[in-house]
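Reader: Could you take me through this structure, please? I would like to begin with how the chains meet.
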There are 2 protein chains.
Amino acid sequence: MDITRIEAAARRLQGHARRTPLLGAPALDEIAGRRLLVKPECLQRTGSFKFRGGWSAVSALPEDIRARGVIAFSSGNHAQGVALAAREHGVPAVIIMPSDAPSLKIGNTRALGAEVVLYERGREAREEIGQRLSQERGLTLIKPYDEPEVIAGQGTCGLEIAEQAAQMGIAKAEVLVCCGGGGLTAGIALALEARAPGMTIHPAEPEGYDDTARSLACGERQRNASESGGLCDAILTPTPGELTFPITSRLCGPGVVVSDDDVLRAMALAFRHLKVVAEPGGAVALAGALFHGDELDGDTVIATISGGNVDEAVFMRALATLAS
Amino acid sequence: MDITRIEAAARRLQGHARRTPLLGAPALDEIAGRRLLVKPECLQRTGSFKFRGGWSAVSALPEDIRARGVIAFSSGNHAQGVALAAREHGVPAVIIMPSDAPSLKIGNTRALGAEVVLYERGREAREEIGQRLSQERGLTLIKPYDEPEVIAGQGTCGLEIAEQAAQMGIAKAEVLVCCGGGGLTAGIALALEARAPGMTIHPAEPEGYDDTARSLACGERQRNASESGGLCDAILTPTPGELTFPITSRLCGPGVVVSDDDVLRAMALAFRHLKVVAEPGGAVALAGALFHGDELDGDTVIATISGGNVDEAVFMRALATLAS
């Protein structure tokens, strides 16, 4: 994996993915205690950065392989990213989801033209269903982060950060990235290594799901005690990726770990001062930049908002923090 | 007023105002019954398009005049736009607000470095206070819409729409613009006349405050029965502007008028599908595009979201419409 692969992905994404802006607000600078810039991938198509990786992977397939279709396991943002990328390539997408996934997410994925196959958690192994469908129909599996073309696609977000920061005269910064399996973190780290070597990347995670922070600290991949149930559902993964961890461990500084309360307050401040909608998992990096400044150096911090697919009840919980 | 003035404003705004993206979502296309693109000026600095006009006007002043400072009457978005533009030019700004303005707005304007002068509605004429202060200190009044450099600044939003639509291969579209005094509408209309003549502009207004729609229909400036109290406070003005109306009446198609319920539902759909925060007045054009499609022609509609400065209580009212 290197920058040439990310540059190739950027060429394939041109005219399909959005170039998200780099936002900021004086009131947030004041809370952060330094200049704070935000890369709002919630404004990306399908509402998260996952469209970049989905498009990159689908567009990289040889045409005859792609024509048979793609398959993904996901109940969330990766599902929507792959579904839209497949639809716009004119090829079928099968998304395997647990039968207890929120009906809104199932509906959204179907609305993007994907065939949703439900499995019962505990009773059936989703990998077996996936393997059977792949073999029967010749579908290609698009993994959510342990896949080079997906990492390259997420890295295009890093290319944009480097260009946009350079236009503002910024060469040095701490860059906080919302981190689950590490696809976005690894992609951005590779892009910035080549294009903005004065920047230091820190993965940001919620408390209780800080596998990457702990893995970086000890040098070996650690697991989370729990795999689900947290507020930040979009970025909960059991352990750092096989492909992503060697990249993040080579290129990243220490991880930043934030509380659920930090996350809700960051969502509310993004509403008030940036006018964007962040989902909980998408707000962990902003929460780190706003409330964990003592763990950072330098006078500029850049935080990703990785997604905005949040239901209104959770968003109202976040807004309620503004009253207190 | 013509395109050269808007182009000059665009050069002055370069590197200071944000180039907002052009967003869209398949689910919104479906509701609108055609392709729907959204220009989210809520992502502009200070949370509304008003920063464009404020910057344009302040930057156009001769240096010695500007150094003495600027003054504006506003309790809302224009105040913040002028305040930030003045601060970044290193000159003083005085903002005259009613003493019953929400403390959040007073606080926001002060946080941007402006001196806020409060007057009592009914007891004092704000114009007299303004005139006295202007004379004593040599301040230049920046009007919110009846000022050529302000209209030129708002017109830069139209230049961006023309460029971004052209990149997507779109030459023909109906363009809905949130309309109060008509500064944004006139500016965009002038820009598109020169750069995208296949587009038709329609001002969008809330019911009960449809002075521009009625004025366009009869060819003469009409007044609203009420000047305040509506949900869409940011865009309530007594009558179309003296400078703006000749432009809008020459260049615009019929106005689109929407209900408060339309507005709240549009805010909720912008939350769900675009991940941006629209204030009520900022959502009237989107509401028109989504729910008044039978008044429009063609297969593409472009709607501005003019601002996102909404408090959480009103936003929660909008989100509540998603449950029903």
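Author: Two residues are in contact if their C-beta atoms, placed from the backbone, lie within 7 Å. This is a predicted model, in which local features need pLDDT of at least 70, side-chain atom pairs count only at pLDDT 80 or more, and totals for chains, interfaces and linings use all residues. Residues are numbered from 1 along each chain as its sequence is written, while chains are lettered from A and ligands numbered from 1 in the order in which they are written.

Reader: How many residues does the contact take from chain A and from chain B?
Author: Chain A gives 20 residues and chain B gives 20 residues. On the side of chain A that touches chain B, the elements giving two or more residues are α2 (26-32) and α14 (312-320). Helices here are DSSP runs of H or I with at least four residues, strands are runs of E with at least two, and both are numbered from the N terminus. The largest share of that side, four residues, belongs to α14(A).

Reader: Do the copies meet through the same surface or different ones?
Author: They meet through the same surface, because 100% of the interface residues of chain A are also interface residues in chain B.

Reader: And what turn lays chain A on chain B?
Author: A turn of 180 degrees with a shift of 0.0 Å along the axis does so, at an RMSD of 0.0 Å; the superposition is by least squares on the C-alpha atoms of residues with pLDDT of at least 70 in both copies. The two copies are thus related as by a two-fold rotation axis.

Reader: Which residue of chain A comes closest to the rotation axis?
Author: That is A:V276, whose C-alpha lies at 2.2 Å from the axis.

Reader: Changing topic, which residues have an unusual backbone?
Author: Most residues other than glycine have a negative phi. A:K275, however, has a positive phi of about 65 degrees although it is not a glycine. A:K275 sits in the loop between α12 (260-274) and α13 (284-291) of chain A. In chain B, phi of B:T46 is near 65 degrees, also a positive value in a residue other than glycine, and B:T46 is in the loop between β1 (35-40) and α3 (50-60).

Reader: Is A:K275 buried or exposed?
Author: A:K275 counts as buried, with 28 C-beta neighbours inside 10 Å. A residue is buried if 20 or more other C-beta atoms, placed from the backbone, lie within 10 Å of its own, exposed if 12 or fewer, and partly exposed in between. B:T46 is buried as well, with 28 other C-beta atoms within 10 Å.

Reader: What percentage of chain A counts as buried?
Author: Of its 324 residues, 56% do.
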